[in-house]
Every structure is written in C-alpha cells, then in structure tokens.
Amino acid sequence: MAINPELLDILACPKCKQPVTLTKEGDGLVCTRCKLVYEIRDDIPIMLIDEAKPLKE
C-alpha cells in the first residue's frame, strides 16, 4: 500500500522542517536539503533523525 498523498502533503523533515518527497521505489521519504532518507516500514514513515540514512546520489 502506498503512502496516503494527504499524509505526504503534511510531512516534513524533523531536522530542517522542509517538505519531504517519496523515493522512486516508494520505500522512503527524502529530504533534499538535509540529504537524508527516512524509511517507510509497514506503511509507517519512520521520521526519526537518528534512524535516517544518508541520501545516495
């Protein structure tokens, strides 16, 4: 199940408060400013800075 578009509209990076976008694979949320990816597990975005992974460009 994909993330709800309404939820995606209100989610923001917890570090810089900028909007996040869905990865191409749909398995994470990307903050381009912080260059972090927040994983989506069991259709739940894990929006914890300590759990974020660096963005691979």
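User: What makes the stretch between β2 and β3 a hairpin with a residue to look at?

Analyst: Happy to start there. In this predicted model, four residues lie between the strands of that hairpin, and K35 takes a positive phi near 55 degrees. Strands here are DSSP runs of E with at least two residues, numbered from the N terminus. Two strands pair if DSSP finds at least two bridges between them. β2 and β3 are joined by four bridges and run antiparallel, so they count as paired. One of the partnerships is C31 with L36 in β3.

User: How do you know that β1 and β2 are paired?

Analyst: Two bridges join β1 (residues 21-22) to β2, and the strands run antiparallel. The cut-off is at least two bridges, so the pair qualifies. T21 stands opposite V30 in β2. This hairpin has five residues between its strands, and G26 takes a positive phi near 80 degrees.

User: Which residues point each way from β2?

Analyst: G28 and V30 point one way from the strand (residues 28-31), L29 and C31 point the other way, and all are buried. In general, side chains in a regular strand alternate between the two faces of the sheet.

User: Why is T23 called buried and L55 partly exposed?

Analyst: The scale is relative accessible area with a 1.4 Å probe and protein chains only: buried is under 20%, exposed is over 50%, and partly exposed is in between. T23 has 13% relative accessibility, so T23 counts as buried. L55 has 26%, and therefore counts as partly exposed.

User: What do T23 and L55 touch?

Analyst: Contact means heavy atoms within 4.5 Å. Not counting residues up to four places away in sequence, T23, in the loop between β1 and β2, touches G28, L29, V30 and V37. The C-alpha atoms of T23 and V37 are separated by 8.3 Å, with the two residues 14 apart along the chain. L55 sits in the segment after β5; with the same sequence neighbours left out, L55 touches V30, K35, L36 and V37. Between the C-alpha atoms of L55 and V30, 25 residues apart along the chain, there are 7.5 Å.

User: What makes the largest pocket a pocket, and which residues line it?

Analyst: On a 1 Å grid over the protein atoms alone, a pocket is an open set of points with protein on both sides within 12 Å along at least five of seven lines, and lining residues have an atom within 4 Å of a point. The lining consists of T23, E25, D27, V37, Y38, E39, E51, K53, P54, L55 and K56. β3 (36-41) and β5 (53-54) are the elements giving two or more residues to the lining, and β3 gives the most, with three. The pocket holds about 240 Å³ of space, where volume is the space filled by probe spheres set on the points.

User: What makes a set of residues a nonpolar core, and which belong to the largest one?

Analyst: A nonpolar core is a set of buried Ala, Val, Leu, Ile, Met, Phe, Trp, Tyr and Cys residues joined through side-chain atoms within 4.5 Å. The largest has twelve members: I3, L11, C13, C16, V20, L29, C31, L36, Y38, I40, M47 and A52. β2 and β3 each give two or more residues, and the largest share, three residues, comes from β3.

User: How are the values set up?

Analyst: Residues are numbered from 1 along each chain as its sequence is written, and side-chain values use heavy atoms, with hydrogens and water left out. Because the model is predicted, local features need pLDDT of at least 70 and side-chain atom pairs count only at pLDDT 80 or more, while totals for chains, interfaces and linings use all residues.

Definitions and conventions:
On a 1 Å grid over the protein atoms alone, a cavity is a set of points where a 1.4 Å probe fits but cannot get out, and a pocket is an open set with protein on both sides within 12 Å along at least five of seven lines; lining residues have an atom within 4 Å of a point.
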